[in-house]
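Subject: The structure we talked about

Hello,

Here is the structure I promised to send you. Have a look at it first, and then read on for what turned up in it.

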Amino acid sequence: MAPVCVLVGAMGAGKSTVGEALADALGVGFRDTDADVEATAGKPIPEIFFDDGEEHFRALEHAAVIAALESFDGVLALGGGAILAEKTRAALAGHTVVFLSVGLSEAVKRVGFGAGRPLLAVNPRATLRHLLEQRLPLYTEVATLTVPTDDRTPEDVVTEIRAHLRH
Ligand code: S3P
């Protein structure tokens with residue numbers, strides 16, 4: 001079993017919005033590794049970062065990605081930083097992975113003040129700029145398709161992904 005499509009990309013790329021719309025269009029389920037991590041930890045992501053640290057969060061996140069890749073056949077969205085781990089990138093090999101790319105201005109608009117996203121607690125714009133730059137090569141490395149999302153509707157993005165899935 002494997003997800004029909006794995007979505008990667010930065011915070012604000014639209015992974016949840018596009019993922020839910022894509023899953024609806026395909027008639028399959030939607031799953032988000034952030035929610036899986038929260039369920040395992042029994043608390044929201046900001047509390048995991050605060051109580052246990054980012055390293056612990058990343059370990060839970062890796063385990064959540066591996067479990068979902070092995071047991072889920074719908075549309076799977078990964079947290080924005082999941083691809084930081086080399087072993088997570090390796091596990092994505094052979095899967096259909098769509099990178100939703102987003103520019104800095106659009107990402108800043110979409111995340112607002114970063115509520116619920118501990119990495120953006122201080123200076124969201126500068127942090128996002130840094131994360132987008134640092135992670136771009138990693139998203140590209142794992143992606144079988146890159147779809148820009150700036151100035152596009154979720155429906156438009158879904159249509160492009162569906163065309164890719166048919167190939
Ligand atoms: C993170 C992105 C978040 C969440 C956590 C860390 C990151 O997921 O996993 O706050 O490192 O980019 P979303 O991309 O779904 O917001």
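A word you will need for the helices: contact means that heavy atoms lie within 4.5 Å. Please also keep in mind that this is a predicted model.

Let's start with the sheet. Its 5 strands form an open sheet with parallel pairing, in the order β2-β3-β1-β4-β5. At the edges are β2 (30-32) and β5 (145-148), each of which pairs on one side only. On average, and ignoring direction, neighbouring strands of this sheet are turned by 25° against each other. If you would like to see one pairing in detail, try β4 (residues 97-101) with β5: the two pair in the parallel sense over 4 bridges. Leu100 has Val147 in β5 as its bridge partner.

Now for the helices on the sheet. Helix α8 (residues 154-166) lies across β1, β4 and β5, and runs at about 165° to β5. Helix α4 (residues 54-71) also packs on the sheet, where it touches β1 (5-8), β2 and β3 (75-77). The direction of α4 makes about 160° with that of β2.

Next, the inside. In soluble globular proteins, nonpolar side chains tend to be buried together. Here the largest nonpolar core has 42 residues, and Leu7, Val8, Leu100 and Ile161 are those with the most contacts inside it. Helix α7 (residues 124-142) gives the largest share of this core, 6 residues. Another core, of 7 residues, lies apart from it and includes Ile45, Ile48, Phe57 and Leu60. Val8 is a nice residue to click on: beyond its neighbours within four places in sequence, its contacts include Lys15, Leu78, Phe99, Leu100 and Tyr139.

Finally, the charged side chains. The structure holds 10 salt bridges. One of them joins Lys109 and Glu106, whose closest N and O atoms are 3.6 Å apart. Both residues lie in helix α6 (residues 104-111), 3 residues apart, which is about one turn of the helix. Which of the two is buried, and which is exposed? Glu106 is buried because its relative accessible area is 16%, under the 20% cut-off. Lys109, at 64%, is exposed, since the cut-off for that is over 50%.

Asp36 and Arg31 form another salt bridge, with 2.8 Å between the closest N and O atoms. Asp36 counts as buried at 18% relative accessibility, while Arg31 counts as partly exposed at 23%. You can also look for the network of salt bridges that links Lys43, Asp51 and Asp52.

Enjoy exploring!

Best wishes

Definitions and conventions
Residues are numbered from 1 along each chain as its sequence is written. This is a predicted model: local features need pLDDT of at least 70, side-chain atom pairs count only at pLDDT 80 or more; totals for chains, interfaces and linings use all residues. Side-chain values use heavy atoms; hydrogens and water are left out. Two strands pair if DSSP finds at least two bridges between them. Axes are lines fitted to C-alpha atoms, for helices over the stretch in contact, and angles run from 0 to 180 degrees between N-to-C directions. A nonpolar core is a set of buried Ala, Val, Leu, Ile, Met, Phe, Trp, Tyr and Cys residues joined through side-chain atoms within 4.5 Å. Buried means under 20% relative accessible area, exposed over 50%, partly exposed in between (1.4 Å probe, protein chains only). A salt bridge is a side-chain nitrogen of Lys or Arg within 4 Å of a carboxyl oxygen of Asp or Glu.
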